[in-house]
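Please look over the sequence and the structure shown here before reading on. The paragraphs that follow go from one exposed residue to the chain as a whole, and then to its interior.

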Amino acid sequence: MTVMTPPARPRVPLRSRPAALLALASSLLLHRLPLRHRVAVLRPLGRARYAEAARLGERYDAVLAVVPRSWPGRIACTEIAVATVLACALAGRRADLVYGARFLPDAAHAWVEVPGAAAGRDVGDAGDRPWTPVARFPERVNPA
């Protein structure tokens with residue numbers, strides 16, 4: 001199993017930390033639920049407009065900045081990616097949670113994407129062995 005460790009704690013403005021902290025706390029609570037319930041929570045977020053690429057990176061960095069140095073449970077790529085999606089939603093924007101996989105060695109990873117940009121995808125040795133997207137949430141909503 002490959003363990004994905006986030007890069008060094010980024011420096012972000014203090015004004016972006018409260019939303020990131022709320023999003024991370026919500027993400028940790030959501031991860032106590034089964035996957036189908038987490039998907040149900042993310043589904044309504046698919047109606048918003050996508051976040052700008054620069055803002056996605058800022059929100060991802062803000063979430064990384066508020067991750068506690070010591071925590072009795074898991075805070076890894078999935079929890080950070082869901083928190084980033086929720087931080088974008090708090091700003092009225094959308095980002096997609098993407099689950100991916102690769103072979104040799106087998107590994108799974110989660111990251112966040114908007115059209116033209118991704119956050120959290122290229123960590124570790126992803127340059128040599130890229131991730132293949134397997135699932136994306138929220139699903140794209142077709143306007144009626």
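With a relative accessibility of 68%, Leu14 lies over the 50% cut-off and therefore counts as exposed. Leu14 belongs to the segment that comes before α1, and although 48 residues separate Leu14 from Ala62 in sequence, the C-alpha atoms of these two residues are 9.1 Å apart in space. It should be kept in mind throughout that the model is a predicted one.

Seen as a whole, the protein chain contains four helices and four strands, and their order, read from the N terminus, is α-α-α-α-β-β-β-β. Of the 144 residues in the protein chain, 41% are buried, while the area that the protein chain exposes comes to about 8500 Å², of which carbon and sulfur atoms supply 58%. When the contacts with a separation of 6 or more are considered, 72% of them join residues that are 24 or more positions apart in the protein chain.

How are two of the helices arranged against each other? Two packed helices are described by the angle between their axes and by the distance between those axes. For α1 and α3, the angle is about 70° and the axes are 8 Å apart, and because angles of 65 to 115 degrees count as roughly perpendicular, α1 is described as roughly perpendicular to α3. On the α1 side the contact is made by Arg17, Ala20, Leu21 and Leu24, and on the α3 side by Ala62, Val63, Ala65 and Val66.

The largest nonpolar core has 35 residues, and the members that touch the most other members are Leu24, Leu56, Val63, Ile80, Ala95 and Leu97. At least two residues of this core come from each of α1 (17-30), α2 (35-42), α3 (53-66), α4 (77-90), β1 (96-102) and β2 (107-114), and α4 gives the most, with nine residues. Leaving aside residues up to four places away in sequence, Leu56 touches Thr84, Cys88, Ala95, Val112, Glu113, Val114, Ala117, Ala118 and Ala119.

Is Asp96, a residue of strand β1, buried or exposed? Its relative accessibility is 1%, which is under the 20% cut-off, and so Asp96 counts as buried. The side chain of Asp96 also makes a polar contact, at 2.8 Å, with the side chain of Tyr50.

Key
Residues numbered from 1 in each chain as written. Predicted model: local features only at pLDDT ≥ 70, side-chain atom pairs only at ≥ 80, totals over all residues. Heavy atoms only, no water. Core = buried A, V, L, I, M, F, W, Y, C linked by side-chain atoms within 4.5 Å. Buried < 20%, exposed > 50% of the residue type's maximum accessible area, 1.4 Å probe, protein only. Contact = heavy atoms within 4.5 Å. Areas by Shrake-Rupley, 256 points an atom, 1.4 Å probe, with all protein chains shown as cover. Polar contact = N/O pair within 3.5 Å; in protein donor to acceptor, adjacent residues only side chain to side chain. Axes fitted to C-alpha atoms, helices over the stretch in contact; angles between N-to-C directions. Parallel < 35°, antiparallel > 145°, perpendicular 65-115°, else oblique.
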